[in-house]
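Here are some exercises to work through with the structure open beside you. Try each task before you read its solution.

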Amino acid sequence: MGEAYTFRLANVSDIDDILGIEQASFAVPWSREAFYREIVENQFAYYLVIEDSFQPIGYCGIWLVMDEAHVTNIAILPSYRGRKLGELLMKEAIKLAKRHGAATMTLEARVSNHVAQNLYKKLGFQAGGIRKNYYSDNGEDALVMWVEL
């Protein structure tokens with residue numbers, strides 16, 4: 001790759017950058033208030049950012065409850081996609097979950113999102129079931145995936 005990307009936990013000053021990444025990535029983006037609640041008020045939430053020259057270019061949210069980690073969302077700016085940064089970010093999220101005692105990690109992926117599913121499979125995730133009509137924008141089903149850490 002050549003470039004040096006860095007990872008750190010997000011803080012309240014990152015919300016606008018995270019919101020921009022979210023809006024560029026999803027048909028139904030989370031609101032600023034949702035990210036504020038996650039980063040400031042949710043004791044179970046951890047948000048990682050990946051940076052290029054101190055500028056957030058992606059993020060991953062995780063809830064850590066007891067010994068389970070749940071990926072709430074992950075996104076990379078469109079101009080940075082195709083560089084395996086989502087994989088790097090997921091690996092960092094897995095490390096964070098392990099450091100906090102998680103034994104398993106779960107997430108949902110659109111049934112049509114084969115790129116994401118392939119990434120998760122590469123990292124050891126397995127299909128665990130379907131959540132019918134999970135996505136509010138079009139009623140698409142979600143594939144539930146999980147991995148033992």
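**Exercise 1. Find the partner with which E92 forms a salt bridge, and describe where the two residues sit.**

Solution. Start with the pairing: E92 forms a salt bridge with K95, and their closest N and O atoms are 3.6 Å apart. A salt bridge here is a side-chain nitrogen of Lys or Arg within 4 Å of a carboxyl oxygen of Asp or Glu. Before going on, note that this is a predicted model, in which local features need pLDDT of at least 70 and side-chain atom pairs count only at pLDDT 80 or more, while totals for chains, interfaces and linings use all residues. Residues are numbered from 1 along each chain as its sequence is written, and side-chain values use heavy atoms, with hydrogens and water left out.

Next, look at the spacing: E92 and K95 are 3 residues apart in helix α3, which means about one helical turn separates them. Helices (H or I, at least four residues) and strands (E, at least two) are DSSP runs, numbered from the N terminus.

Finally, check the accessibility. E92 counts as buried at 19%, whereas K95 is partly exposed with a relative accessible area of 46%. Buried means under 20% relative accessible area, exposed over 50%, and partly exposed in between (1.4 Å probe, protein chains only).

**Exercise 2. Do the same for K91, which also takes part in a salt bridge.**

Solution. The partner of K91 is E87, with 3.2 Å between the closest N and O atoms. Both residues belong to helix α3 (residues 85-99) and lie 4 residues apart, about one turn of the helix. Then compare their surroundings: K91 is partly exposed at 39% relative accessible area, while E87 is buried at 13%.

**Exercise 3. Which parts of the chain does the salt bridge between D137 and R110 tie together?**

Solution. First, the contact itself: the D137 and R110 side chains meet in a salt bridge at 2.9 Å, N to O. Then place each residue. D137 lies in the loop between β6 (126-131) and β7 (142-148), and R110 in strand β5 (residues 104-110), so the pair ties together parts that are 27 residues apart in sequence. Both ends are partly exposed: D137 has a relative accessible area of 35%, and R110 has 22%. Salt bridges that share partners also join R8, D14 and E51 into one network. In total, the structure holds 10 salt bridges.

**Exercise 4. Is E38 buried or exposed, and what does E38 touch?**

Solution. Locate E38 in helix α2 (residues 32-41). E38 is buried yet has no salt bridge, and the nearest side chain of opposite charge, R37, is 6.6 Å away. For charge, Lys and Arg count as positive and Asp and Glu as negative; His and the chain ends are not counted. Now list the contacts (heavy atoms within 4.5 Å): leaving out residues up to four places away in sequence, E38 touches W30, A45, Y47, W63 and T72. One of these, W63, is found in strand β3 (residues 55-65) and is partly exposed, at 34% relative accessible area.

**Exercise 5. Where does L77 lie, and which residues does L77 touch?**

Solution. L77 lies in the loop between β4 (68-76) and α3, and is partly exposed at 23% relative accessible area. Setting aside residues up to four places away in sequence, L77 touches I21, P56 and I57. As a last step, take the backbone: the C-alpha atoms of L77 and I57 are separated by 5.5 Å, although these residues are 20 residues apart along the chain.
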